[in-house]
Amino acid sequence: MQMLEEYRTKSYRQHLRPPVEENLIRDKTAIVGIGQTEYSRDSGRDELDLACEAIKKAVADAGLKMSDIDGLEALTLDRVSMPTLIGSLGIENLRFTSEVSFGGGGACALVMHAAAAVASGAADYVVCYRALNEASGHRYGRGDGYAEYLKAAPTLHYGYYFPYGFLTPLSWAAMYTKRWMHEYGIKLEDTGWYSVVLREYAQNNPEAIFYGKPLTIEEFHESPMISAPLRLFDCCVDTDGAAAVVVTTADRAKDMPHTPVYIAAAAQSSPIETEIQTSYNRPVVAGLPETWYVGQELYRQSGLGPADIDVAQLYDPFSYGAMIQLEELGFCGPGECVDFCQGGDRIRVDGELPLNTSGGLLSEAYIHGVNLITEAVRQLRGTAHNQVTDAETAIVTAGPGLPTSGLILRK
Amino acid sequence: MTTQADSEAPVIPHPALWAVLYRSSTPFWEAVGRHELTLQRCSDCKTWRMPPRPMCPRCQSAESEWVPVSGRGTIHSWVTYPESPHPAFEAPYAVILVELDEGPRLVSNPVGIAPDELEIGMPVEVVFEDVSDDFALYKFQRAG
Amino acid sequence: MPLEYIPGIPILRPYVDPDNQPFWDAVDRHEFVLQRCSDCDVYFQPPRPMCPHCLSMDSLEWVPSSGRGEVYSFVVFAADRMAYPGMKIPYVVVLVEMEEGVRLTANIVDAEPDEVYIGMPVEVTYNSPMEGLTLYQFKKRAS
Ligand SMILES: [Zn+2]
Ligand SMILES: [Zn+2]
């Protein structure tokens with residue numbers, strides 16, 4: 001028992017690696033194009049169709065032709081087969097493709113890998129994309145969806161969870177949330193402001209799924225428990241849609257149509273004993289060490305700290321998933337995030353830390369976090385629906401509770 | 001009524017199972033079900049799209065039309081299976097690649113042509129075989 | 001309400017591989033064993049082929065567990081939307097910290113959702129949701 005404690009804690013949150021000798025991504029790469037489809041509950045279209053539209057728009061937004069694109073970056077989870085997509089885009093001799101693991105944890109890593117490709121000279125213009133019919137099609141977030149998944153892709157740990165009716169990412173996250181609430185004495189009746197503020201943001205964003213559907217704190221508390229302690233309005237919104245971004249070098253970005261959005265830092269992290277949301281044998285269940293590592297790395301690479309960040313886009317598969325990241329990223333102390341969001345003023349557009357200003361995954365759309373990257377780009381271009389005045393720096397994170405990734409972007 | 005024997009009969013993989021993921025193929029298989037061969041063509045630049053796709057790889061147009069084709073073509077290449085890889089297909093059998101007169105190429109099976117009679121360049125024409133109530137396959141026989 | 005299954009809907013089986021086979025074989029015999037590295041005296045869950053502490057591949061052994069632990073966290077499945085269709089809601093999934101230190105999930109078979117609390121003493125029991133499937137579960141235990 002004592003040895004186990006020692007093993008578990010010997011490296012926990014203590015293995016920040018020394019800086020790389022020469023960082024070729026920092027300030028030398030940029031996001032130059034963004035594109036998205038309509039976000040809906042039933043697209044009536046397939047994911048290939050959605051991917052094509054988002055990519056076409058991102059390429060046009062960058063002022064490029066499809067034939068200029070020479071690299072593609074996808075999530076392994078994407079159901080669109082890459083050769084089929086390349087055939088539909090009509091790109092001859094695409095010379096760089098790569099896929100990132102870990103579902104939503106890989107969202108920012110898409111951009112990081114694309115940046116690595118353009119910085120190293122493997123490609124000139126790389127498109128990152130995500131397309132999914134999560135609302136109308138394959139619901140991987142639902143119990144029956146995972147039952148299908150188990151038949152196809154059993155892994156070491158799922159066999160210990162599925163026979164007990166313990167399936168779906170939200171309920172796995174509810175387990176660490178429950179423990180976190182216990183350790184910090186969080187009361188259910190104090191929560192809800194995060195969801196309310198994100199819904200406010202969505203009221204100014206006509207692209208958001210919850211546009212025209214405001215939410216009061218009372219309605220939040222009346223919403224049903226889904227996987228206790230998570231209520232319906234703690235959860236992200238199943239969405240059909242796609243989003244894409246174009247990455248190139250900072251040198252090329254200077255001559256392109258939009259204000260370049262430079263990549264000031266990019267990082268991934270996978271701590272030991274980390275599973276996909278079910279990391280129950282880490283020393284501390286009540287925390288997100290992957291987000292902490294990513295934050296430390298991002299701040300060091302960029303030379304910025306939490307106080308220098310003008311706007312945050314934190315991956316929110318559910319409310320606490322984003323709120324606990326506020327703690328891990330140093331925007332507030334451990335156990336303080338519910339207080340930080342209380343009343344909502346600090347996270348509103350004119351607050352101390354405008355947070356998930358498009359409505360986030362809870363109220364804009366769940367495009368696996370790629371829609372948080374496009375929102376950060378809009379904020380730095382000055383074209384967001386809820387524009388933060390003079391926003392110059394943005395932090396973006398990917399799925400918490402699993403191997404994750406993050407970006408700091410700047411004007 | 002489904003009997004035990006029915007449920008154990010070899011089943012030909014149904015292409016429409018992919019319809020949710022690749023909806024652009026649905027009109028193609030629906031037409032085949034009506035014993036019609038139609039192909040998708042770009043409404044803007046008139047390029048054929050085979051396999052069907054949501055976007056034209058040539059001009060990136062999302063518009064397309066479904067056009068009946070002659071069903072005539074020539075064998076462009078073929079392979080034979082001396083042993084069956086799947087219980088639904090009885091060996092020996094052949095798979096042919098047909099170049100339609102309109103240009104696109106389709107993979108299919110020959111009907112009434114023995115594997116040792118197959119030749120590259122052989123003129124063929126489409127025929128249809130019903131597999132089930134809602135599912136037919138297009139195949140090719142010697143052109144008459 | 002004790003744990004209840006809905007007849008006719010099969011329960012998803014554990015995925016058995018060479019690393020965890022001894023664990024599930026023991027559960028079939030109503031025995032509860034945990035994997036340990038004999039060199040480091042460290043327990044692991046889930047089972048694996050190599051000790052991540054000392055990287056030994058031949059010091060791993062299966063040790064009978066006391067079967068006792070405490071609820072470390074838990075989730076109440078209260079809505080159909082997230083629940084497995086073969087189990088009657090509400091049901092509880094508990095994360096239990098065993099006396100040996102490792103944590104495992106299972107259902108609690110004999111407690112109401114509002115009886116469960118973090119720190120609750122529990123012990124291993126077994127059930128058979130369907131023909132040919134034995135699962136380890138947890139039940140209440142006097143502290
Ligand atoms: Zn065209
Ligand atoms: Zn060891």
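**Exercise 1. Layout of chain B**

Which pattern of α and β does chain B follow, read along the sequence? State also how much of the chain is buried.

Solution.
Step 1. The structure is a predicted model, in which local features need pLDDT of at least 70 and side-chain atom pairs count only at pLDDT 80 or more, while totals for chains, interfaces and linings use all residues. Residues are numbered from 1 along each chain as its sequence is written, chains are lettered from A and ligands numbered from 1 in the order in which they are written, and side-chain values use heavy atoms, with hydrogens and water left out.
Step 2. Helices (H or I, at least four residues) and strands (E, at least two) are DSSP runs, numbered from the N terminus. Chain B has 2 helices and 8 strands, and the pattern reads α-α-β-β-β-β-β-β-β-β.
Step 3. Buried means under 20% relative accessible area, exposed over 50%, and partly exposed in between (1.4 Å probe, protein chains only). Of the 144 residues in chain B, 34% are buried.
Step 4. Contact means heavy atoms within 4.5 Å. Among the contacts in chain B with a separation of 6 or more, 50% join residues 24 or more positions apart.

**Exercise 2. Two helices of chain A**

Determine which residues of α3(A) and α7(A) are buried, and what covers them.

Solution.
Step 1. Helix α3 of chain A spans residues 82–89, and its buried residues are Met82(A), Leu85(A), Ile86(A), Ser88(A) and Leu89(A).
Step 2. These residues lie on the same side of α3(A), because they cover an arc of only 165 degrees around the axis. The arc is that of the directions from the helix axis to the C-beta atoms. An α-helix has 3.6 residues a turn, so residues three or four places apart point the same way.
Step 3. The cover over the buried residues of α3(A) includes α2 (47–61), β2 (71–75), β3 (96–100) and β4 (126–133) of chain A. After α3(A) comes Gly90(A), with a positive phi near 70 degrees.
Step 4. In α7 of chain A (residues 193–203), 8 of the 11 residues are buried, so this helix is largely enclosed by the rest of the structure. The buried residues include Tyr194(A), Arg199(A) and Tyr201(A). Their cover includes α8 (217–222), α11 (319–328), α12 (337–341) and α13 (360–363) of chain A.

**Exercise 3. The interface of chain A and chain B**

Describe the contact of chain A with chain B by residues, area and polar pairs.

Solution.
Step 1. The contact involves 18 residues of chain A and 13 residues of chain B.
Step 2. Buried area is the accessible area (1.4 Å probe) that two parts lose on being put together, summed over both. Here it is about 1300 Å², with 56% on carbon and sulfur atoms. On the side of chain A, Asp46(A), Lys56(A) and Ser88(A) lose the most area to chain B, together 34% of what that side buries.
Step 3. A salt bridge is a side-chain nitrogen of Lys or Arg within 4 Å of a carboxyl oxygen of Asp or Glu; the rule finds 0 between chain A and chain B. A polar contact is a pair of N or O atoms within 3.5 Å; within protein, one must be able to donate a hydrogen and the other to accept it, and residues adjacent in sequence count only if both atoms are side-chain atoms. There are 4 residue pairs in polar contact (both at pLDDT 80 or more).
Step 4. α2 and α3 of chain A each supply at least two residues of the side that touches chain B. The largest share, 5 residues, comes from α2(A).

**Exercise 4. The interface of chain C and chain A**

Repeat the analysis for chain C and chain A, and identify the salt bridge.

Solution.
Step 1. Chain C contributes 48 residues to the contact and chain A 46 residues. The buried area is about 4300 Å², of which carbon and sulfur atoms give 62%.
Step 2. The count is 1 salt bridge. Its partners are the side chains of Arg48(C) and Glu273(A), at 2.7 Å, N to O. In addition, 15 residue pairs are in polar contact (both at pLDDT 80 or more).
Step 3. The elements of chain C that each supply at least two residues of the side touching chain A include α1 (21–28) and β4 (68–77). β4(C) gives the most, with 6 residues.

**Exercise 5. Two single residues**

Are Leu298(A) and Ser56(C) buried or exposed?

Solution.
Step 1. Leu298(A) lies in helix α10 (residues 289–302) of chain A. Its relative accessibility is 0%, so Leu298(A) counts as buried. Not counting residues up to four places away in sequence, Leu298(A) touches residues including Ala265(A), Ile395(A) and Leu407(A).
Step 2. Ser56(C) is in the loop between β2 and β3 (60–64) of chain C. At 12% relative accessibility, Ser56(C) also counts as buried. A polar atom of the Ser56(C) side chain lies 3.3 Å from the backbone nitrogen of Asp58(C).
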